[in-house]
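Okay, thanks for making time, everyone. I'll put the structure up and then walk through a few spots that caught my eye.

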Amino acid sequence: MKLSVIGCGYLGAVHAAAMASIGHDVVGVDVDPAKVAALSAGKAPFFEPGLQELLSEGISSGRLRFSTDMADVAGAKVHFVGVGTPQQKGGYAADLTYVDAAVKALTPYLQSGDIVAGKSTVPVGTAGRLAPSVEAVGATLVWNPEFLREGWAVQDTIDPDRLVVGVPTGEPGERAAATLREVYHTATAKGTPFIVTDFATAELVKVSANAFLATKISFINAMAEIAEVTGADVTQLADAIGHDARIGRRFLGAGIGFGGGCLPKDIRAFAARAEELGKGEAVGFLREVDAINLRRRDRAVELVVSALEGDLFGRRVTVLGAAFKPHSDDIRDSPALDVAVRLHGLGAKVLVSDPEAIENARRAHPQLEYEVDRDEALKGAEVVVVVTEWDEYRKDLDPAQARDLVSKPIVVDGRNCLDPAAWRGAGWTYYGMGRP
Ligand code: UDX
């Protein structure tokens with residue numbers, strides 16, 4: 001099928017490449033000429049495992065191309081909108097400028113019978129507001145939220161847990177749902193749940209899924225706070241409650257908390273939208289979720305300060321990790337980088353290492369020092385702070401060898417990803433998050 005994808009960021013670029021890989025003819029459109037040039041040359045403009053290969057394959061097969069010209073969407077039957085919905089400057093609500101602009105720019109090129117499928121995460125009510133302008137030209141708007149995780153984006157796009165599509169009532173909605181079923185033929189053929197619903201439910205599925213995940217992480221981080229004053233071990237607690245199938249162990253990783261381009265801004269936008277709807281109290285707990293999350297960054301900083309007996313001035317601190325999570329070079333609202341910046345603000349000489357995110361981190365925080373080589377970065381450290389659980393730190397870092405590189409063997413494990421017994425056994429003073 002002929003498809004277009006408007007917006008070629010983390011979501012759109014992966015969506016375009018993944019749709020080409022399952023046999024569709026895809027054009028990706030973005031306003032950023034540099035991004036379009038990179039993508040057209042088969043280069044992923046950000047680090048996402050598997051994307052590079054998919055782009056090269058798609059481009060050489062002739063089924064995938066990129067453009068800055070919206071007119072190139074002509075002929076496509078389904079137009080996916082995957083532009084960003086960042087947090088508004090000076091507020092908590094979502095900034096819908098890009099979604100509104102994309103739909104407005106796309107509309108003149110729509111043919112009667114085309115489908116516009118919104119994928120961006122939007123406040124409930126957005127699809128209903130945009131639908132009339134799309135329907136005016138005989139096209140149908142649907143909302144088809146995206147649940148991909150960075151680092152697993154290719155797999156999540158091609159083989160998702162579920163597909164959700166919010167459609168208008170009546171024949172156009174039924175036809176659009178059937179078309180989307182065809183678009184996602186590889187997933188639907190293998191029985192992936194395909195949920196057809198109304199606009200509001202589809203929009204809410206997305207934000208409530210993210211709210212639930214954020215709440216799960218903050219729940220375990222709240223338990224970490226209690227563990228810290230009682231001598232309990234939050235990782236054992238998580239294992240124990242996680243054995244209950246109703247609870248489950250995933251997303252019970254206590255540490256410096258969640259960040260990234262989605263969870264933080266999505267829970268804030270959800271709370272803001274609920275306020276607008278006069279139901280702020282229904283999701284008032286999300287403010288608590290946010291506050292718990294941010295307190296964990298303070299706690300990591302406190303641990304470093306106390307490990308250095310209150311004096312950070314001029315002390316060498318090596319921070320392992322800058323990305324908001326492993327398998328990504330994304331530093332948007334990264335708790336890892338926030339901890340590094342705060343330590344720098346307290347006078348420490350902060351050296352940050354990360355296998356993928358240094359370029360982005362340096363651009364955002366040129367005041368920090370960077371060293372991509374992990375072992376180089378460890379040399380002379382008075383404290384090592386692990387803040388992104390890359391395998392390079394979690395699995396491959398031998399505490400005995402690392403001890404020979406640093407000047408003081410003190411480690412703060414901001415992700416509870418190291419084995420305390422192994423590190424203590426190798427002579428390190430180990431501090432975890434919510435662990436004795
Ligand atoms: C999230 C949702 O998972 C995805 O479905 C949605 O489409 C976009 O937002 P993503 O932002 O890629 O995806 O990251 P995710 O894997 O959810 O992790 C978010 C943050 O939570 C990271 O900073 C991660 O380190 C943190 N986290 C995750 C924890 O602190 N503890 C955990 O147990 C799990």
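**Salt bridges, then the ligand**

Let's start with Asp391 and Lys395, whose side chains meet in a salt bridge, 3.8 Å from N to O. Before I go on: this is a predicted model, so keep that in mind throughout. How exposed are the two partners? Asp391 has 26% relative accessibility and counts as partly exposed, while Lys395 is at 55% and counts as exposed. There is also a network to look at: salt bridges with shared partners link Arg297, Asp298, Asp333, Asp338 and Arg342 together. Overall, the structure has 33 salt bridges, and I'd like to show you two others.

One is Arg299 with Glu302, where the closest N and O atoms sit 3.4 Å apart. Why can these two pair up? Well, they are both in helix α12, residues 285-307, and they are three residues apart, so about one helical turn separates them. As for their surroundings, Arg299 comes out at 22% relative accessibility, which is partly exposed. Glu302 is partly exposed too, at 43%.

The other is Glu369 with Arg316, and there the closest N and O atoms are 3.5 Å apart. Glu369 belongs to strand β11, residues 369-370, and Arg316 to strand β9, residues 316-320, so this salt bridge ties together parts of the chain that are 53 residues apart in sequence. Buried or exposed, what is Arg316? Arg316 is buried, with a relative accessible area of 15%. Its partner Glu369, on the other hand, is partly exposed at 37%.

Right, on to the ligand. Which residues come nearest to it? There are 20 residues around the ligand, and the nearest are Phe147, Leu148, Glu150, Lys206 and Gly253. If you sort the shell by residue type, you get ten nonpolar, four polar and six charged. Which helix gives the most to that shell? That would be α9, residues 199-230, with four residues. And if you think in domains, at least three shell residues come from domain 1 (2-197), and at least three from domain 2 (291-431).

Now the polar side of things. Lys325 puts a polar side-chain atom 2.9 Å from an oxygen atom of the ligand. Phe324, the residue before that in numbering, does its part through the backbone: one of its N or O atoms is 2.9 Å from a ligand oxygen. Then there's Leu252, with a polar backbone atom 3.5 Å from an oxygen atom of the ligand. How much of the ligand does the protein bury? Taken alone, the ligand would expose 670 Å², and the protein buries 90% of that.

A few local details while we have the model up. Have a look at the start of helix α2, residues 33-40. There, a side-chain oxygen of Asp32 reaches to within 3.0 Å of the backbone nitrogen of Ala34. Following α2 you'll find Gly42, with a positive phi, near 80°.

Over in helix α6, residues 153-158, we have Asp156. This is a buried aspartate, with 11% relative accessible area. What does its side chain touch? Asp156 and Arg149 are joined by a polar contact between their side chains, at 2.8 Å.

Last stop: two buried residues, along with some distances across the model. Ala139 is in the loop between α5 (126-135) and β6 (140-143), and its relative accessible area is 3%, so buried. From Ala139 to Val406 is 63 Å, C-alpha to C-alpha, and along the chain the two are 267 residues apart. Trp423 is in helix α18, residues 420-425. Trp423 is buried as well, at 3% relative accessibility. Go from Trp423 to Ser40 and you cover 383 residues in sequence, and 47 Å in space between the C-alpha atoms.

That's my tour. Happy to rotate back to anything you want to see again.

How values were computed. Residues numbered from 1 in each chain as written. Predicted model: local features only at pLDDT ≥ 70, side-chain atom pairs only at ≥ 80, totals over all residues. Heavy atoms only, no water. Near = heavy atom within 4 Å. Polar contact = N/O pair within 3.5 Å; in protein donor to acceptor, adjacent residues only side chain to side chain. Areas by Shrake-Rupley, 256 points an atom, 1.4 Å probe, with all protein chains shown as cover. Nonpolar A, V, L, I, M, F, W, Y, C, P; charged D, E, K, R; others polar. Domains from an automatic or database assignment. Salt bridge = Lys/Arg side-chain N within 4 Å of Asp/Glu carboxyl O. Buried < 20%, exposed > 50% of the residue type's maximum accessible area, 1.4 Å probe, protein only.
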